[in-house]
Amino acid sequence: MKTSLLLRLFLGAAAFCILLPAALLVLWSAAARWSWPNLLPESWSGRTVAELLFGPQNIWPLLGSSVSLGGAASVLSTLIGLLTARAAALYDFPGRGLVRFAGLLPLLIPGTVFAIGIHLVLLRAGLADTAAGVLLVHVMTALPYSISILTDVTAALGCGLEEQAAVLGAGPARGFFAVSLPELTPGILSSMSMAFILSYSQYFTTLIVGGGRVKTLALVLVPYIQGGDRSLASVYALAFTGSALVVFALFETLIRRWQRRGDKL
């Protein structure tokens with residue numbers, strides 16, 4: 001009973017810490033005037049919503065750019081992470097340990113140093129100030145997490161099921177897609193969701209590599225926060241958080257449906 005009560009108190013405190021800032025964002029986004037020491041806004045306005053939907057920084061192109069970049073980065077980083085994970089977890093070869101270590105190298109470099117350094121490389125390659133260059137950097141940022149998640153999942157699954165499929169006459173490709181891939185799907189979706197939010201929330205690397213030409217929701221949100229307009233910053237923060245939660249809910253739904261399907265089988 002004590003453990004259950006402590007758990008409920010902890011969950012209640014965690015929910016309060018999450019919901020209170022969200023409620024303040026909602027109030028600020030609709031506030032026309034809110035001065036100290038009033039607990040609630042003195043007047044209300046729909047200016048921020050109109051600015052969000054119909055202003056010069058229209059939300060829909062920003063959402064399209066952010067979601068497409070995040071989706072592409074999640075797919076590419078997960079694909080590369082899966083191939084790397086299978087090599088590191090299932091095969092024995094010289095330098096095997098270095099493969100996983102090399103995949104974690106982007107985590108060891110400060111974000112500012114990484115962004116400036118990779119920008120110089122992309123300038124020489126002609127990819128600076130382009131969506132392709134920004135996508136490449138987002139993939140490199142998310143790749144360590146994808147490799148870590150998928151290596152653990154692949155190592156836990158092993159290659160026993162594929163070996164049994166080979167004994168029954170299945171080729172390598174059929175053995176992987178028919179046997180291993182369904183078991184790896186929850187881990188793949190987890191990797192994609194992690195990679196998506198990392199790409200979706202990138203600001204500094206997108207600003208440096210994209211040169212201001214590749215616009216995302218995070219790129220527009222930060223200047224509003226720094227500019228001191230709390231109402232506009234709040235409404236853009238709500239749009240950013242809400243859109244990310246929608247994508248997370250989609251990934252969560254896919255994972256749960258796949259798990260239920262596995263339980264039925």
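Let me start with a pair of helices: α3 and α6 sit oblique to each other. This is a predicted model, so please keep that in mind throughout. Helix α3 covers residues 59-90, and helix α6 covers residues 131-157. Their axes come within 6 Å. They cross at roughly 40 degrees. That angle is over 35 degrees and falls short of the 65 to 115 range, so oblique is the word. The crossing of α3 and α6 is right-handed. Who lines this contact? It has 18 nonpolar residues, eight polar ones and one charged one.

Now stay with α6 and change the partner. Helix α4, residues 96-108, packs against α6 at about 140 degrees. The two axes are 7 Å apart. Roughly antiparallel would need an angle over 145, so this pair is not in that class. α4 therefore counts as oblique to α6. The hand here is left: α4 passes α6 in a left-handed crossing.

Let me step back to the whole chain. There are 11 helices and two strands. What is the order? From the N terminus you meet one helix, then two strands, then helices for the rest of the run. The chain has 265 residues, and 36% of them are buried. The C-alpha trace spans about 75 × 65 × 30 Å along its principal axes.

Next, the core. The largest nonpolar core has 31 residues. Which of them touch the most other members? Y200, L217 and Y236 do. Four elements give two or more residues to this core: α3, α8, α10 and α11. For your notes, α8 is 172-200, α10 is 217-227 and α11 is 230-264. The largest share comes from α11, with 11 residues. As background, nonpolar side chains in soluble globular proteins tend to be buried together.

We have just met α11, so let me pick a residue there. R256 lies in helix α11. Its relative accessible area is 47%, so R256 is partly exposed. Now look at P186. R256 and P186 are 70 residues apart along the chain. Their C-alpha atoms are separated by 8.6 Å.

Back to α3, where we find G71. G71 is partly exposed, at 25% relative accessible area. Take L120 as its partner. G71 and L120 are 49 residues apart along the chain, and their C-alpha atoms are separated by 26 Å.

One backbone detail. D129 has a phi near 60 degrees. That is a positive value, and the residue is not a glycine. Where does D129 sit? It is in the loop between α5, residues 111-125, and α6. D129 is partly exposed, with a relative accessible area of 28%.

Last, the cysteines. How many disulfides does the structure hold? Zero. A disulfide here would need two cysteine sulfur atoms within 2.5 Å. Two cysteines deserve a look for their accessibility. C17 has 54% relative accessibility, so it counts as exposed. C159 has a relative accessible area of 29%, so it is partly exposed. The cut-off for exposed is over 50%, which is why C17 and C159 fall in separate classes.

To recap. Helix α6 is oblique to α3, and α4 is oblique to α6. The α3 crossing is right-handed, and the α4 crossing is left-handed. The largest nonpolar core takes its largest share from α11. And the structure has zero disulfides. That's it from me.

How values were computed:
Residues numbered from 1 in each chain as written. Predicted model: local features only at pLDDT ≥ 70, side-chain atom pairs only at ≥ 80, totals over all residues. Heavy atoms only, no water. Buried < 20%, exposed > 50% of the residue type's maximum accessible area, 1.4 Å probe, protein only. Axes fitted to C-alpha atoms, helices over the stretch in contact; angles between N-to-C directions. Left-handed = near helix turned anticlockwise from the far one by under 90°. Nonpolar A, V, L, I, M, F, W, Y, C, P; charged D, E, K, R; others polar. Core = buried A, V, L, I, M, F, W, Y, C linked by side-chain atoms within 4.5 Å.
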